[in-house]
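Reader: I would like a close look at one small part of this protein, taken residue by residue. Please start from a single position and then work outward to whatever surrounds or resembles it.

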Amino acid sequence: MNGDGREGGRRDDEVRGARRIPGPRGAVDDLDLETAERPVLPPPGSAAPEGAVPEQGVPEGEAGDAEEAVPEVGAADEAEDAVHEPCEPYAPDEPDQPEEPDEAGPAFEPVTPHAVTADASAPSLSHRVLKALLGAWALSACSAEETAAVEDHLTGCAPCADEALRLRDAVGLLHTDGSLDLDPTLRTRVLDGCLGRRPARVPIPEWATAYDAETARLDALLRDIGDSDWHAPVRLQWFEDERAVTRRTTVAGVIGHLMAVDGLLSAALGLDDPLAGTGALGGMRTGTGARVGTEAPGGGAEVPLSPTRRTETYWAATYPPATRAVREPWRALTHDLIRTAALAGPNAAERSVSYGEFALPLQDALLDRAFECWVHGTDIAEAVDYPYRPPSAAHLHRMIDLAARMLPAALAGRRRAGLAGPARELVAPGEPGRSVHLEVEGHGGGDWYIALDSPAAVGSRDRAVAQVALDGVEFCRLVAGHISPVEAAAGQEGDREAIRDVLFASASLSRL
């Protein structure tokens, strides 16, 4: 090997066909066209200097062959003289006078850095470079010159245009400004679209759709959280005896509470009580003849367990505390309730479901359970920092309507306990009596007239003695015991005592 890098009379980098590893290439943004040194071009007719770049438009293979060409014998001296012959420098500030074109062709014109493209603002970039810039272009991270070059390239290159569309759509997935939770109405719209194409042989009753939607939303939340989140502390809150009461449990404990109370509906539909599998009832049948889901007091009469008693029984029986394993039995129970209600026929809506101290028709009981799923789903979401929206407007309106229909009975119960003002005008059942106009605004809102003096009276617009205005979600939080009656009312007008009785009666509907 010679000292000048030659081996066998030829340099290593002159081996024909050898692939060279390119050096580091600067980014296009690094080009400074204003300060770049302009090339010095020889006058027309002079020989090209050694190492000159081939003219643009000549294929690389031909240019390479030209470099590899061996000069003829005897022409080396002439070539050397041509290389070292001085040439006049090119002065861009003092352009030469244009010469008359000869008959062989037009006169030679100097080549500027951007003379190869029609658009002077777009740099001349290869296909490979433009394809590599598509990602930055989709993120709007290209310079103005690069953007013009890419967009000009996309008009004539179909593969790059398809890739650019895919990248631009993918950029939308990178934005996290919106909520990660799905639209509450999305499931309903998808089901409606599917059922429009193929109607269900046994459709879900309209009065069970709210429970179906809220249990599905809560199940989606539970599917997303991790194992450790099931032990996250959750604070349950409700009102008792004019004061707020709280109870601490875990996410798994909340699901166990929902499952225990759902067992009340199981009895009405002829299903097994979910507490039987946990050993919480202390046996399937006792000597007193108590069935699953009931207790036998001293008199031996069979009465359903109250929601609070059933929850306390479940929590006491689950030691160590429940984990995410509680999700599957709760989910299976909700599916069984919906399926059985759909197969039970049109008269199933009026079946009575006993809560111990009161009873509700099955259609209202399922709506009550939907309300509980939403309220406790919000409790869980706050504990694990998960986005959770209110129900759809139609379902929320039904929940508010159920609470409004329960308010006259709650007022009568508070009056018997000495917690509400006395009745002023007793009327016959079914007759209009003194009323409070409950105006619920916003999501799922409407107008309700609450009878004050008797649960058998009918609320009347003409007999309204007061008006109270609340937001729909705020009213539901009041009914759930999450805010105090003093904080709930946004607008009040009329009889202050009547307004106070209605607000506190709304909070008294809450329970564990």
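Author: Ser140 has a relative accessible area of 63%, so it counts as exposed, the cut-off being over 50%. Everything said here refers to a predicted model. Ser140 sits in the loop between helix 4 and helix 5. Its phi is near 60°, a positive value in a residue that is not glycine.

Helix 5, on one side of that loop, spans residues 144–154 and has these buried residues: Glu146, Ala148, Ala149, Val150, His153 and Leu154. Those buried residues pack against three helices, namely helix 3 (127–132), helix 4 (134–138) and helix 6 (158–172). Helix 4 is thus joined to the account twice, as a border of the loop that holds Ser140 and as a packing partner of the buried residues of helix 5.

Asp385 can be set beside Ser140. Asp385 is not a glycine either, and its phi is positive, about 55°. The loop that holds Asp385 runs between helix 12 (362–384) and helix 13. With 72% relative accessibility, Asp385 counts as exposed. One further loop residue is Pro346, placed between helix 11 (327–343) and strand 7 (352–354). Pro346 has 76% relative accessibility and therefore counts as exposed. From Pro346 to Pro205 there are 141 residues in sequence, yet their C-alpha atoms are 8.4 Å apart in space.

The loop with Asp385 leads on to helix 13. Helix 13 covers residues 393–416, which is 24 residues, and it reaches 35 Å from its first C-alpha to its last, close to the 34 Å expected at 1.5 Å a residue. Helix 13 also has a kink of about 35° at Leu407, shortly before the proline Pro408. After helix 13 comes Gly418, with a positive phi near 75°.

Within helix 13 is His395. His395 has 8% relative accessibility, so it counts as buried, the cut-off being under 20%. Setting aside residues up to four places away in sequence, His395 touches Thr209, Ala210 and Ala213. Ala210 is 185 residues from His395 in sequence, but the two C-alpha atoms are 5.6 Å apart.

Residues 209–224 form helix 8, and Asp219 is found there. Asp219 is also buried, because its relative accessibility is 7%. Outside the four places on either side in sequence, Asp219 touches Arg327, Trp330 and Arg331.

Helix 13 also meets helix 16. Their axes come within 9 Å and cross at roughly 100°. Helix 13 and helix 16 are therefore roughly perpendicular to each other. On the helix 13 side the contact consists of Leu407, Ala410, Leu411 and Arg414, and on the helix 16 side of Asp501, Val502, Phe504, Ala505, Ser506 and Ser508. By class, this contact of helix 13 with helix 16 has 6 nonpolar, 2 polar and 2 charged residues. Leu407 thus appears twice, as the site of the kink in helix 13 and as one of the residues that meet helix 16.

Helix 16 (residues 496–508) has another partner in helix 14 (residues 472–479), where the axes are 6 Å apart and the packing angle is about 65°. Helix 14 and helix 16 are therefore roughly perpendicular as well. The helix 14 residues in this contact are Phe475, Leu478 and Val479, and they meet Leu503, Ser506 and Ala507 in helix 16. The contact of helix 14 with helix 16 divides into 5 nonpolar residues, 1 polar residue and no charged ones. Ser506 takes part in the contact with helix 13 and also in the contact with helix 14.

For the wider setting, the protein chain has 16 helices and 12 strands. Of its 512 residues, 35% are buried. Among the contacts with a separation of 6 or more, 69% join residues 24 or more positions apart. The pair His395 and Ala210, 185 residues apart in sequence, is one of the pairs described above.

Conventions. Residues are numbered from 1 along each chain as its sequence is written. This is a predicted model: local features need pLDDT of at least 70, side-chain atom pairs count only at pLDDT 80 or more; totals for chains, interfaces and linings use all residues. Side-chain values use heavy atoms; hydrogens and water are left out. Axes are lines fitted to C-alpha atoms, for helices over the stretch in contact, and angles run from 0 to 180 degrees between N-to-C directions. Helices (H or I, at least four residues) and strands (E, at least two) are DSSP runs, numbered from the N terminus. Angles under 35 degrees count as roughly parallel, over 145 as roughly antiparallel, 65 to 115 as roughly perpendicular and the rest as oblique. Contact means heavy atoms within 4.5 Å. Ala, Val, Leu, Ile, Met, Phe, Trp, Tyr, Cys and Pro count as nonpolar, Asp, Glu, Lys and Arg as charged, and the others, Gly among them, as polar. The expected span of a helix is 1.5 Å times one less than its number of residues. The bend at a residue is the angle between axes fitted to the seven residues ending there and the seven starting there. Buried means under 20% relative accessible area, exposed over 50%, partly exposed in between (1.4 Å probe, protein chains only).
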